[in-house]
Amino acid sequence: MTFHLGYGTNGFSNHRLDDALAVIADLGYTGVALTLDHDHLDPFADDLAQRVDHVAARLSALGLNRVVIETGARYLLDPWHKHSPTLLSHEPEPRIDFLARALRIAADLGADCVSFWSGVSTVDVDVAWVRLRAGLAAVLEHAERLNVRLAMEPEPGHLVQHLSQVLDLRQELGEPELFGVTLDVGHCVAVEPADAAECIRLAGPLLWNVQLDDMVPNVHEHLEFGEGQLDLPATLAALDEIGYTGLAAVELPRHSHAAPDVARRAIEALRAARPEETPPDTWLGRAERRIREEPSVIGSLFPAVGREVGRAPLEPDTDPQGLVGGTVDDQARARLITVLARQLSADELAAELGELYRYGDDAERRGVLRGLNQLVEDGVIEGKISAAGARIVAEALRANDTRLVAAAMGAFAARHLEPHAWRHGVLKCVFVGVPLAAVASLEARADDELRRMLADFADERQAAGRDVPADAVKLLEEGR
């Protein structure tokens with residue numbers, strides 16, 4: 001799956017934002033659709049800059065790496081009238097100001113885009129369209145100044161309620177580079193003439209934000225997966241088909257009363273609907289099928305991977321040792337572990353990973369580490385798996401095998417190692433000659449203490465007449 005699964009904070013309105021983000025991350029989501037609201041990063045707060053900095057740090061620490069800014073707060077602008085004013089209102093300035101603030105927040109958080117909608121028309125249709133074009137032009141000026149993308153969502157009952165209207169409006173406006181599409185796949189069931197998969201194909205490269213939920217025809221009510229008529233496997237397959245790499249976030253704004261349970265059911269449904277990625281007629285495809293049928297065969301399949309698929313680096317020109325991107329057999333073993341993870345409980349998976357690492361050779365151990373990294377990226381690490389993984393990574397970091405050390409400092413370490421252990425892992429990479437490009441989330445997690453440790457290391461190297469790796473020098477200079 002090339003895209004990131006996320007959850008919308010509007011489905012956690014009874015949680016503090018910090019707590020909501022923690023639950024979302026702990027359930028295995030790797031992104032978040034952040035609705036700006038009174039209690040969830042209020043864009044009108046006096047200390048907004050500090051709050052944005054705090055949220056940015058929180059997102060990084062939790063591994064929520066993909067973010068979109070949603071602007072559908074109900075009573076943020078007017079305590080008496082829901083979603084008012086809109087771009088269609090007689091006085092749209094508060095809405096334009098709000099969207100401008102959202103764009104600045106998106107720029108500071110490195111968000112994929114700001115998502116918005118037209119609003120419900122209460123005036124003559126022609127007047128409404130004139131107001132929409134004028135308001136949108138004003139918002140686009142802010143977007144262009146900040147170089148942040150705007151993604152318009154067709155919303156049932158609004159002036160713009162169909163995907164075709166968004167695409168036509170974009171064309172009328174001269175196809176602005178920063179103007180694209182948000183698509184709620186449930187809306188496709190409710191009001192679109194085509195199904196969600198076909199709408200995804202129609203949006204194509206202009207699709208910058210996806211909202212996931214279920215619905216029934218002609219009813220605008222967000223439902224959990226399986227309660228409506230959305231073909232979830234076909235929808236996810238269409239996202240892969242068009243090469244979508246952004247965020248696909250669950251959109252259940254009326255389920256906050258049971259948010260953790262609803263979010264858990266949602267990610268389980270998404271994982272179950274995930275399309276197969278490996279051709280079934282290859283050795284790897286057959287191995288995956290055997291693991292689904294009988295998970296215990298992983299013990300006999302794991303040692304055979306290198307012989308069957310090869311051991312070449314994935315990027316031989318730029319990474320001839322496979323330290324950064326890994327090797328063909330690393331990738332295959334990681335894939336087998338992700339398949340295994342869907343068949344076993346957390347306790348069973350933790351035990352199996354421990355056995356594979358304990359009794360494996362260096363290549364197999366590397367495969368376990370790469371598998372842990374892939375589990376984090378796929379969003380299936382939690383509970384006892386995290387504790388078992390931390391023990392495996394700690395053992396790997398005591399080795400001097402550069403490929404083992406490199407694999408140990410991937411996405412799992414970035415997400416789950418305590419700061420002290422993670423800093424020593426970075427220092428170990430520098431010491432044994434692993435390029436820092438192999439360290440996941442280095443820029444996000446690097447702090448003054450790490451730079452102090454690196455400076456001490458550099459002083460010792462220079463005193464001994466030895467060179468300091470260029471990437472370590474660069475990291476030190478960036479901190480000054």
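Which residue in strand 10 is the bridge partner of histidine 4? Keep that question in mind as we walk through this predicted model, starting with the sheet to which the strand belongs.

The sheet is a closed barrel of 8 strands, running in the order 1-2-3-4-5-6-7-10 with parallel pairing. On average, its neighbouring strands are turned by 30° against each other, direction ignored. For one of these pairings, look at strand 2 (residues 31-35) and strand 3 (residues 66-70), which pair in the parallel sense over 5 bridges. Within this pairing, valine 32 has valine 67 of strand 3 as its bridge partner.

Now follow the barrel round to strand 10. On one side, strand 1 (residues 4-8) pairs with strand 10 in the parallel sense over 4 bridges. Here is the reply to our opening question: the bridge partner of histidine 4 is leucine 247. Strand 10 also runs parallel to strand 7 (residues 207-212), and 3 bridges join the two. In that pairing, glutamine 211 has alanine 249 of strand 10 as its bridge partner.

Stay with strand 10 a moment longer and consider its side chains. In a regular strand, side chains alternate between the two faces of the sheet. Strand 10 (residues 247-250) has both faces covered: Leu247 and Ala249 are buried on one side, and Ala248 and Val250 are buried on the other.

Let us turn to the helices. Two packed helices are described by the angle between their axes and the distance between the axes. Take helix 2 (residues 48-62) and helix 3 (residues 93-109), whose axes come within 10 Å and cross at roughly 45°. Helix 2 and helix 3 are therefore oblique to each other, and the crossing is right-handed. Where they meet, helix 2 brings Leu48, Val52, Val55, Ala56 and Leu59, while helix 3 brings Ile105, Asp108 and Leu109. Sorted by class, this contact has 7 nonpolar, no polar and 1 charged residues.

A second helix pair is worth a look too. Helix 10 (residues 283-293) and helix 13 (residues 328-341) pack at an angle of about 25°, with their axes 9 Å apart. That angle makes helix 10 roughly parallel to helix 13, and their crossing is right-handed. From helix 10, Leu284, Ala287, Glu288, Ile291 and Arg292 meet Ala332, Arg335, Leu336, Val339 and Leu340 of helix 13. By class, the contact of helix 10 with helix 13 has 7 nonpolar, no polar and 3 charged residues.

Note on methods: Residues numbered from 1 in each chain as written. Predicted model: local features only at pLDDT ≥ 70, side-chain atom pairs only at ≥ 80, totals over all residues. Heavy atoms only, no water. Pairing = 2+ DSSP bridges. Axes fitted to C-alpha atoms, helices over the stretch in contact; angles between N-to-C directions. Parallel < 35°, antiparallel > 145°, perpendicular 65-115°, else oblique. Left-handed = near helix turned anticlockwise from the far one by under 90°. Contact = heavy atoms within 4.5 Å. Nonpolar A, V, L, I, M, F, W, Y, C, P; charged D, E, K, R; others polar. Buried < 20%, exposed > 50% of the residue type's maximum accessible area, 1.4 Å probe, protein only.
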